[in-house]
Amino acid sequence: MIVLLFALATALGLELWASFVHERLWHGPLWAWHEPHHRPGNRALNSNDLLSASHAPPAALLCFLGSLGMLVNGHAVFHVGFGIGVGATAFGLAYFLVHDGFIHGRLPLGGLRRFAYFERIRRAHLVHHGTNAEPYGMFAPTFAPRVSSSPEEEPWNAPTQTPCSPASEPSSPQPPRQTP
Ligand SMILES: [Zn+2]
Ligand SMILES: [Zn+2]
């Protein structure tokens with residue numbers, strides 16, 4: 001039960017954390033690493049993937065040490081560690097599947113557009129790519145565009161020929177957000 005609680009809390013907390021680091025670090029001091037991801041149609045492996053993958057080793061370590069401790073010792077702290085590791089791993093996997101696989105077309109998951117929730121967060125994320133601004137979050141974006149807007153008003157809402165084609169991703173008309 002402790003494992004489940006901490007796994008859920010970690011997954012929820014990581015949405016906030018991902019939004020925070022995306023805005024304050026990736027669009028700040030680490031923009032040079034994140035910028036290749038904002039080039040339209042760029043699906044190749046790039047430095048931004050390292051930013052995302054940097055969260056995997058700590059999560060894997062927590063899973064390993066937590067599960068080992070649970071087997072050997074059984075102290076509650078190992079259950080907590082394992083729960084955090086499981087939650088972080090689940091969030092990372094979901095982020096990869098939805099962000100990289102579905103939204104940016106690295107995996108054949110375009111069928112998810114049939115579901116209103118996935119289409120909504122896809123559009124919200126493409127707004128981010130079009131403006132280099134809000135929303136920075138992924139699963140609970142603070143802002144999402146109107147679905148009924150015209151392509152002229154909001155080019156990222158223009159109908160696409162194939163789901164998640166490069167043409168569906170807007171260019172970056174504005175410079176990256178400046179941080180002090
Ligand atoms: Zn993206
Ligand atoms: Zn970004």
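Me: In this predicted model, which residues of H1 meet which residues of H5?

Reply: As a general idea, two packed helices are described by the angle between their axes and the distance between the axes. In this structure, the residues of H1 that take part include Ile 2, Val 3, Phe 6, Thr 10, Leu 14 and Ala 18, and among their partners in H5 are Ala 76, Phe 82, Gly 83, Ala 88, Phe 91 and Tyr 95. Sorted by class, the contact of H1 with H5 has 20 nonpolar, four polar and no charged residues.

Me: At roughly what angle do the axes of H1 and H5 cross, and within what distance do they come?

Reply: The axes of H1 and H5 come within 7 Å and cross at roughly 45°, and H1 and H5 are therefore oblique to each other. The crossing in which H1 passes H5 is right-handed.

Me: Which residues of H1 are buried, and what do they pack against?

Reply: A general point about helices helps here: an α-helix has 3.6 residues a turn, so residues three or four places apart point the same way. In H1 the buried residues are Val 3, Phe 6, Ala 7, Thr 10, Leu 14, Ala 18 and Trp 26, and the buried residues of H1 pack against helix H2 (31–34), helix H3 (47–53) and H5.

Me: How do H4 and H5 cross, left-handed or right-handed, and at roughly what angle?

Reply: The same two descriptors, angle and distance between axes, serve for any two packed helices. The axes of H4 and H5 come within 7 Å and cross at roughly 145°, and this crossing is left-handed. Among the residues that meet are Ala 59, Leu 62, Cys 63 and Met 70 in H4, and Phe 78, Phe 82, Ile 84 and Thr 89 in H5. By class, the contact of H4 with H5 has 11 nonpolar, eight polar and no charged residues.

Me: Which members of the largest nonpolar core touch the most other members?

Reply: That core has 21 residues, and Val 3, Leu 62, Phe 82 and Ala 88 touch the most other members. At least two residues of the core are supplied by each of helix H1 (2–26), helix H4 (56–72), helix H5 (76–103) and helix H6 (116–131), while the largest share, nine residues, comes from H5. If residues up to four places away in sequence are left out, Leu 62 touches Gly 81, Phe 82, Ile 84, Gly 85 and Ala 88.

Me: How many helices and strands does the chain have?

Reply: The chain has six helices and zero strands, and buried residues make up 26% of its 180 residues.

Methods
Residues numbered from 1 in each chain as written. Chains lettered and ligands numbered in written order. Predicted model: local features only at pLDDT ≥ 70, side-chain atom pairs only at ≥ 80, totals over all residues. Core = buried A, V, L, I, M, F, W, Y, C linked by C-beta atoms within 7 Å. Buried ≥ 20, exposed ≤ 12 C-beta atoms within 10 Å, placed from the backbone. Helix = DSSP H or I, 4+ residues; strand = E, 2+ residues; numbered from the N terminus. Contact = placed C-beta atoms within 7 Å. Axes fitted to C-alpha atoms, helices over the stretch in contact; angles between N-to-C directions. Parallel < 35°, antiparallel > 145°, perpendicular 65-115°, else oblique. Left-handed = near helix turned anticlockwise from the far one by under 90°. Nonpolar A, V, L, I, M, F, W, Y, C, P; charged D, E, K, R; others polar.
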